[in-house]
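User: Please take a close look at a single part of the structure shown below, and explain how it is set within the whole. A connected account would serve better than a list.

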Amino acid sequence: MELRCAGCAGCCVDWRPIAPDGLTGETGASKPTESRPPLDDVANLAPLTRDEVVRYLDRGLADAVTPRLFEPAERDEAVTVDGVALAAVDGRPVFMIGLYKPRKPVAPVGTETVRWLDTCVFLDPTTLQCRIHGDEDRYPRTCATYPAHNLALDTETECERVEAAGGGNRLLDASVPEDIPPPAFGPHALGATVFAYPDPDDLAGVVDRLRRGESTPADRARFVGAAAGSRPGSLSVDRDRMAAARERALTAGSWAGRAIRAWGERAGGRGEPAALTDAERDALVAAVEDDVGAPETSGWE
Ligand code: SF4
Ligand code: SF4
């Protein structure tokens, strides 16, 4: 597998608003492919494992993540909360934890116009590089291995979508690496990347806000707690660990959490041109991310 990522960020940005018709990608994640429609409307969510969620908690970064709930597939068990049917197992809504995508001013996939697009909290909008690339505590396994699972399953990669949209050659070598980890979905993923929320009655109001893209930090902290309290390979959740993790998530005050709030106050409509000069955009990114502690990017080799 060999990729040319400079100037792309196609898998880190929800670029559907600028994609040509027919190239709008999946509504959910292409990192990796999901079979059930997500409740939210954000493409390319990067899912975290339970261990990664715990590491984010330990590093004070739990405010950088968001849960994803799912609509049930035809034969799925379902639980209804806020009038919304949710895919469930044993009466518990299933969910994943992924990286939050605030709307940032970016020009991804080889485009030149800077637009407001939902963008991974860790993507530097100026350099289009990942701020945590290669960081062994923070860089998600999903991102480190992308798009190996798509190649193994022979499903279209985001890199190929970018190519088809005129964003240049991206997937230079499509051979599948030998050492890819298990995919984020499937029975083995229960308690590892796919979790079950044990108290659906507590989600009244939360589900509606998640569906509208208006979740609060407290809403998101609930799910961080449940994921951290989960046991890999099972549906069980340790109540004490869940409660303690939720409290810690609520007190997280990272640069990423501050940037999410700041972008939320400044962002224009999804896909709208940002109407900023390059200098104004750079100054804004510096104020919202760099000046509050975001790690610098390393430059392309
Ligand atoms: S963590 Fe980095 S590579 Fe992964 S989606 Fe975010 S910006 Fe992209
Ligand atoms: S879509 Fe492919 S080429 Fe583009 S940044 Fe992601 S991995 Fe790299």
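Analyst: Apart from neighbours within four places in sequence, Ala-62 is in contact with Tyr-56, Leu-57, Ala-221, Val-224, Arg-248, Ala-249 and Ala-252; two residues are in contact if their C-beta atoms, placed from the backbone, lie within 7 Å. The model is predicted, so local features need pLDDT of at least 70 and side-chain atom pairs count only at pLDDT 80 or more, whereas totals for chains, interfaces and linings use all residues. Residues are numbered from 1 along each chain as its sequence is written, while chains are lettered from A and ligands numbered from 1 in the order in which they are written.

Two of the partners of Ala-62, Tyr-56 and Leu-57, are also among the buried residues of helix α1 (residues 50-58), together with Arg-50, Glu-52 and Val-53. A residue is buried if 20 or more other C-beta atoms lie within 10 Å of its own, exposed if 12 or fewer, and partly exposed in between, with C-beta atoms placed from the backbone. Helices (H or I, at least four residues) and strands (E, at least two) are DSSP runs numbered from the N terminus.

Why do the buried residues lie on the same side of α1? They cover an arc of only 160° around the axis, the arc being that of the directions from the helix axis to the C-beta atoms. As a general rule, an α-helix has 3.6 residues a turn, so residues three or four places apart point the same way.

The buried residues of α1 pack against β2 (65-69), β5 (92-99), α2 (141-145), α6 (217-228) and α7 (239-250). Just after α1, Gly-60 adopts a positive phi of about 70°.

This part also belongs to a wider interior. The largest nonpolar core has 80 residues, and those touching the most other members are Val-53, Ala-62, Val-65, Val-121 and Val-224. Such a core is a set of buried Ala, Val, Leu, Ile, Met, Phe, Trp, Tyr and Cys residues joined through C-beta atoms within 7 Å. With six residues, α6 gives the most to this core. In soluble globular proteins, nonpolar side chains tend to be buried together.

How is the chain as a whole built? The protein chain has nine helices and 11 strands, and buried residues make up 47% of its 301 residues. Of the contacts with a separation of 6 or more, 70% join residues 24 or more positions apart. The radius of gyration is 18 Å, which agrees with the value near 19 Å for a compact globule of 301 residues; this radius is taken over C-alpha atoms, and the globule rule is 2.2 Å times the number of residues to the power 0.38.

Elsewhere in the chain, some backbone and exposure details merit attention. Most residues other than glycine have a negative phi, and most peptide bonds are trans. Asp-90, although not a glycine, has a positive phi of about 50°; Asp-90 sits in the loop between β4 (84-89) and β5. With 9 C-beta neighbours inside 10 Å, Asp-90 counts as exposed. The peptide bond from Tyr-146 to Pro-147 is cis, with omega near 0°, and Pro-147 is in the loop between α2 and α3.
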